[in-house]
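Here is a quick tour of one small set of computed features. Have a look at the sequence and the model, then read on.

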Amino acid sequence: MKLPPLLDTRFVQFLQVLPADYHEQAYAFKAFARPRKIKSPLQLLQLVLAYCGLDLSLRS
């Protein structure tokens, strides 16, 4: 998923505030169990923030 440049830079800033081990925590808390179409916890986080934060729907 390719984000617009402004959102992409804000996402990078957001990642800097996350704990260093957020990737491992996603597996530990079972927020991300197995990769299928979404390949990583990072990609899952991008999707959640894009759809919920921007009030987008899955159909659009």
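## Ground rules

Let's start with burial: a residue is buried under 20% relative accessible area, exposed over 50%, and partly exposed in between, using a 1.4 Å probe and protein chains only. By that yardstick Phe32 is buried, at a relative accessible area of 5%.

This is a predicted model, so local features need pLDDT of at least 70 and side-chain atom pairs count only at pLDDT 80 or more, while totals for chains, interfaces and linings use all residues. Residues are numbered from 1 along each chain as its sequence is written, and side-chain values use heavy atoms, with hydrogens and water left out.

## The chain as a whole

The protein chain has three helices and zero strands, where helices (H or I, at least four residues) and strands (E, at least two) are DSSP runs numbered from the N terminus. Reading from that end, the order is α-α-α. Of the 60 residues in the protein chain, 13% are buried.

The accessible surface of the protein chain is about 5100 Å², with 62% of it belonging to carbon and sulfur atoms; areas come from the Shrake-Rupley method with a 1.4 Å probe, and for residues only the protein chains shown count as cover. As for contacts (heavy atoms within 4.5 Å), take those in the protein chain between residues at least 6 apart in sequence: 43% of them join residues at least 24 apart.

## Aromatic pairs

How do rings qualify as a pair here? Rings of Phe, Tyr and Trp (its six-membered ring) need centres within 6.5 Å; planes under 30 degrees apart are stacked, over 60 edge-to-face, and the rest tilted. That rule gives two aromatic pairs. Phe11 and Phe14 make a tilted one, 6.4 Å centre to centre with 35° between the planes. Both sit in helix α1 (residues 5–17), three residues apart, or about one turn of the helix. Phe11 is buried, with 8% relative accessible area, whereas Phe14 is partly exposed at 34%.

Tyr27 and Phe32 form an edge-to-face pair, 5.4 Å centre to centre and with 90° between the planes. Tyr27 is partly exposed, at a relative accessible area of 35%, while its partner Phe32 is buried at 5%.

## What Phe11 looks across to

Which residues of helix α3 can be placed relative to Phe11? Gln46 lies in helix α3 and is 35 residues from Phe11 in sequence, yet 7.7 Å away in space, C-alpha to C-alpha. Gln46 counts as buried, because its relative accessibility is 17%.

Ala50 is also in helix α3. Its C-alpha is 9.7 Å from that of Phe11, with their positions 39 residues apart in sequence. Ala50 is buried too, at 9% relative accessible area.

## The second largest pocket

The second largest pocket has a volume of about 150 Å³. On a 1 Å grid over the protein atoms alone, a pocket is an open set of points with protein on both sides within 12 Å along at least five of seven lines, and lining residues have an atom within 4 Å of a point. Grid points are joined across faces, edges and corners, and the volume is the space filled by probe spheres set on the points.

Among the lining residues are Tyr22, Phe29, Phe32 and Leu45. Helices α2 (22–28) and α3 (41–53) each supply at least two residues of the lining.

## A positive phi

Lys30 has a positive phi of about 60° although it is not a glycine. Lys30 sits in the loop between α2 and α3 and is exposed, at 71% relative accessibility.

Definitions and conventions
On a 1 Å grid over the protein atoms alone, a cavity is a set of points where a 1.4 Å probe fits but cannot get out, and a pocket is an open set with protein on both sides within 12 Å along at least five of seven lines; lining residues have an atom within 4 Å of a point.
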